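Please open the model in your viewer and keep a selection tool at hand. The tour below goes from one selection to the next and says what is found at each stop.

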Amino acid sequence: MNRRLFLKAAGVSAGAFLTAGCQGLTAAAGGGASRPNVVLVMTDDQGYGDVGALGNQWIKTPNLDALHAESVRLTDYHVDPTCAPTRAALMTGRYSSRTGVWHTIMGRSIMRADEVTMADVFSGSGYRTGIFGKWHLGDNYPYRPEDRGFDETLVHGGGGVGQTPDHWGNDYFDDTYVHNGVPKKYAGYCTDVWFDGAMRFIETNRKRPFFCYIPTNAPHSPYNVGEAYSDLYKGRAETPNANFWGMVTNIDDNVGRLVKHLERLGLAENTILIFTTDNGTAAGVRFARDGAEATGFNAGMRGAKGSHYDGGHRVPCFVRWPGGGIDGGRDVEPLCAHIDMLPTLIELCRLKRPAVEFDGSSLAEWLTGRRREWPERTLFVHSQRIEHPEKWRQSAVMTQRWRLINGKELYDVKADPGQRRDLSGQNPEVVGSLREAYERWWRSISLRFDEYVPIYIGSEAENPVRMTCHDWHGPDVPWDQSAVRNAGSGNGFWAVRVVHDGVYRFELRRWPQETDLAIGAAGPGKAIDPKSARLKIANFDATKPIRTSERAAVFETPLQAGEATLQTWFMDEDGASRGAYYVYVTRLG
């Protein structure tokens, strides 16, 4: 394993896995000056067309427009079509499916423990590291951001505020988030809280190099925002979703605050400031039957969030570093992607390079203008969102000119950026070549598709462990708190790793502990009347009668160290059942 976390007990540092050699840079890229700080802002579900400077004449983003004017812009920059996969690729410089992440729920948003993250690399090179917002790569040890190289963490749970791993009742306003592993109540709107925390972190660490990662949950659904922002867009025919664009404008205000904060602290000149997003727009456009934009703006692209057409994964990316010659409002047009970000920052910041085989390449010479030519390359995107990946499923093979969709449709995006005219019949050689490239890629990334990424129970680093239905494996996985309120029939199993031999206590709950509600209580939802509870893990399989007035059904059993599956049931008298949406596991003694 090459994770520093697993080697602390052996006294091995993260630096042992970082090669001593760093690629030198010319004065234009920083030369011998102090290493730059890095602030990376990535918003959630904001698409390419949800920025005024990129052609949207209705949205109000003056601060992003100003940043666009001052930055080097990656104009053909691609991510995954949904959020957790993009985060995995961004953090590792490797295709998301290679890291174990190809969905946003179902245990397939948890990134394998043996991956080296961007925060690991910065930390191993002497940077202070912090994350403020949405992690979405695992809520339990050893997958939490504090386990993956971040010194300070301020995050919500799961893939969005109000999902089952998140604190119960969070709704974007005056919520409870987790700061350095401890739940804490905050006043104000979620995006404001993330930027407030990030700016405190920046000020505290202003005299040493820092990496500050601000992955906002906005403008992801639910589309909650103050009326001062939504009122900017209500009642206008061109507005697809007033709250969504209002959330973007709130983000823009916070970007403006961040820029002023860097300037006030004298850090703007030597800080690499990056703005990007995690997938295509979720609510910034509505399409007509023929696929044309009916309301909103999508820069003429086909598809939106989740799509394998460019509208699902081509997103904005602005990079500004005045002290390193990355500024001035210049476009870098060659095809590039999220997997290029970590190799690029390693070169720009002169970081120790990890002993990892990246899928991405450094863009440093193109960002600084030292190189203009770009070699032909082929990149890959797919949107799986199922338990086990399927070849060619919602896929795009991309070159500078071509897009091969699902192995069948072929588009010349230079002549047809809207991807309307399928040219596969006229270009069989191109189709064949791109299919061969995909086959090689698939063989490379699929080597571990049959593995689960297990949640650890019984570890000293997290005991007790709180697990939620968000990470069930199976076809019927509820992921947000409304499913708990409605108490439907969903169920699935958790993949777990028992860390130590011992006696384990399992609390099976419908509601999370912080609600103090009984299993059968209606609470903010629907009452249920289960008569028995069942727990199955490894060789233990037991059923017991329960009262609906109980907070939890409790089981205890000895377990041996090793991997297992864990499944639960609350069973009604008529045979209907559902899983325990929350399970708390404690190693006793």
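Select Asp572 in this predicted model, and display its surroundings: leaving out residues up to four places away in sequence, Asp572 touches Asp529, Pro530, Lys531 and Arg578. Asp572 belongs to strand E29, which covers residues 562-572, and with a relative accessible area of 18% it is buried, the cut-off for that class being under 20%.

Keep two of those neighbours selected, since the side chains of Lys531 and Asp529 meet in a salt bridge with an N to O distance of 3.1 Å. Lys531 is partly exposed at a relative accessible area of 36%, and Asp529 is likewise partly exposed, at 42%. For a salt-bridge network, select Asp44, Arg87, Lys134 and Asp278, which are joined into one by bridges that share partners.

Move next along the chain to Ala538, found in the loop between strand E26 (530-537) and strand E27 (540-545). Ala538 has a positive phi, near 50°, in a residue other than glycine, and its relative accessibility of 43% makes it partly exposed. Another stop of this kind is Asn180, which is not a glycine and yet has a positive phi of about 50°. Asn180 sits in the loop between strand E7 (176-179) and strand E8 (182-185), where it is partly exposed with a relative accessible area of 40%.

Now turn to the salt bridges that link distant parts of the chain. Select Asp45 and Lys305, whose closest N and O atoms are 3.0 Å apart in a salt bridge. The two residues are 260 residues apart, Asp45 being in the loop between strand E2 (37-43) and helix H1 (62-70), and Lys305 in the loop between strand E12 (293-296) and strand E13 (317-320). The partners differ in accessibility class: Asp45 is buried at a relative accessible area of 1%, whereas Lys305 is partly exposed at 30%.

Then select Arg112 and Glu451, which form a salt bridge with their closest N and O atoms 3.8 Å apart. Because Arg112 lies in the loop between helix H2 (83-92) and helix H3 (118-124), and Glu451 in the loop between helix H9 (428-445) and strand E21 (455-457), the pair ties together parts that are 339 residues apart in sequence. Arg112 is buried, with a relative accessible area of 4%, while Glu451 is partly exposed, with 31%. A search of the whole structure finds 39 salt bridges.

Return to the loop between E2 and H1 and select Gly47. Which residues is Gly47 in contact with, once its neighbours within four places in sequence are left aside? They are Asn279, Gly280, Thr281 and Pro316. Gly47 is buried, at 0% relative accessibility. A distance drawn from the C-alpha atom of Gly47 to that of Asn170, 123 residues apart along the chain, should read 25 Å.

The next selection is helix H7, residues 341-348, in which eight of the eight residues are buried, so that the helix is largely enclosed by the rest of the structure. Among these buried residues are Met341, Leu342, Pro343 and Glu347. After H7 comes Arg350, with a positive phi near 55°.

For the backbone, select the loop between strand E9 (210-215) and helix H5 (227-230), where Pro219 is placed. A cis peptide bond joins Ala218 and Pro219, with omega about 5°. Pro222 is found in the loop between E9 and H5 as well, and the peptide bond joining Ser221 and Pro222 is cis, with omega about 0°.

Finally, zoom out to the whole protein, which has ten helices and 31 strands. Its radius of gyration is 24 Å, close to the 25 Å that the globule rule gives for 589 residues, so the protein is as compact as a globular protein of that length. Taken along the principal axes, the C-alpha atoms fill a box of roughly 70 × 60 × 55 Å. Buried residues make up 61% of the 589 residues, and of the contacts between residues at least 6 apart in sequence, 70% join residues at least 24 apart. If you colour by charge, the protein has 68 positive and 71 negative side chains, the centres of the two sets lying 2 Å apart.

Technical notes:
Residues numbered from 1 in each chain as written. Predicted model: local features only at pLDDT ≥ 70, side-chain atom pairs only at ≥ 80, totals over all residues. Heavy atoms only, no water. Helix = DSSP H or I, 4+ residues; strand = E, 2+ residues; numbered from the N terminus. Rg over C-alpha atoms; globule rule 2.2 N^0.38 Å. Buried < 20%, exposed > 50% of the residue type's maximum accessible area, 1.4 Å probe, protein only. Contact = heavy atoms within 4.5 Å. Lys, Arg positive; Asp, Glu negative; His and termini not counted. Charge placed at Lys NZ, Arg CZ, Asp CG, Glu CD. Salt bridge = Lys/Arg side-chain N within 4 Å of Asp/Glu carboxyl O.
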